[in-house]
Amino acid sequence: MAAVAPARLAALNRLRCEIFQTAYNPTSVRTGAKYLRARLRGPSMIRYYPDQLTVAQFNRMPGDFKIQNWEEYQRLADVEEKKRRGKGVPKKAKSPAESRRMSRKR
Amino acid sequence: MPNARVLRDIKARHGVNANEILRRAYLYVARNQTLPAQVRFQAQLQLNTFGRYTRPTTVKNRCIETGRGRGVISEFGLTRFQFRQKALANELPGVHKASW
């Protein structure tokens, strides 16, 4: 079988690209087309975690039916209880000298 | 309430989704060898200005149940232990423990 001339093959390729409407790129130059061709990943990315309805979201919905967030209620009650026993958050230091970092012994 | 790492991941996912088209356009210009080098360089500089939570590589598929980042079986989105527990509880359709 006789070898086909390279020029003929190139012509065939060009014609093929014309027919199938693909880019004729004989020297394989990087045109960046793959970044345009690739599908967008974002829409499927944001659907990865299933939607979880929180109590606050539920209460923000229209309608009269509201529910109590017992975990938040308990947390606030615990904070109050700690404050009552003097175990609350310390006061913000007004000056560097007041801060705990400064008063710590070396 | 998902843990902080999951929240960060959700943030990254939304950032990627919001900036994807613009980033793709810049990528196309920056990687296109037929364009002048000056233009490509400018596009690359623009790409570098995007924040960290706009890059698709910052997104990690974490366990949808516990938020663990390792040992996640991608088909179910669960870590290996959650997968085992749910499979044993018959919560995963078509999955049951091998026995022969």
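In this predicted model, the centres of domain 1 and domain 2 of chain B, taken over C-alpha atoms, sit 32 Å apart. As for where those domains run, the assignment for chain B puts domain 1 at residues 1-60 and domain 2 at residues 65-100.

One residue of chain B gives a handy reference point. B:Ile73 belongs to strand E1 of chain B, which covers residues 72-73. Its surroundings come out as partly exposed, because B:Ile73 has 13 C-beta neighbours inside 10 Å, and a residue needs 20 or more to be called buried, while 12 or fewer would make it exposed. Leaving aside residues up to four places away in sequence, the contacts of B:Ile73 are B:Leu78, B:Arg80 and B:Phe83. Looking further along the chain, B:Ala25 lies 48 residues from B:Ile73 in sequence, and 33 Å separate the C-alpha atoms of the two.

Then there is the contact between the chains. Chain A puts 16 residues into it and chain B puts in 19 residues. On the side of chain A that touches chain B, helix H2 (33-37) and helix H3 (42-45) of chain A each chip in at least two residues. H3(A) accounts for the largest share of that side, with three residues. Sorted by character, the residues on the side of chain A that touches chain B split into 10 nonpolar, four polar and two charged.

Note on methods: Residues numbered from 1 in each chain as written. Chains lettered and ligands numbered in written order. Predicted model: local features only at pLDDT ≥ 70, side-chain atom pairs only at ≥ 80, totals over all residues. Domains from an automatic or database assignment. Helix = DSSP H or I, 4+ residues; strand = E, 2+ residues; numbered from the N terminus. Contact = placed C-beta atoms within 7 Å. Nonpolar A, V, L, I, M, F, W, Y, C, P; charged D, E, K, R; others polar.
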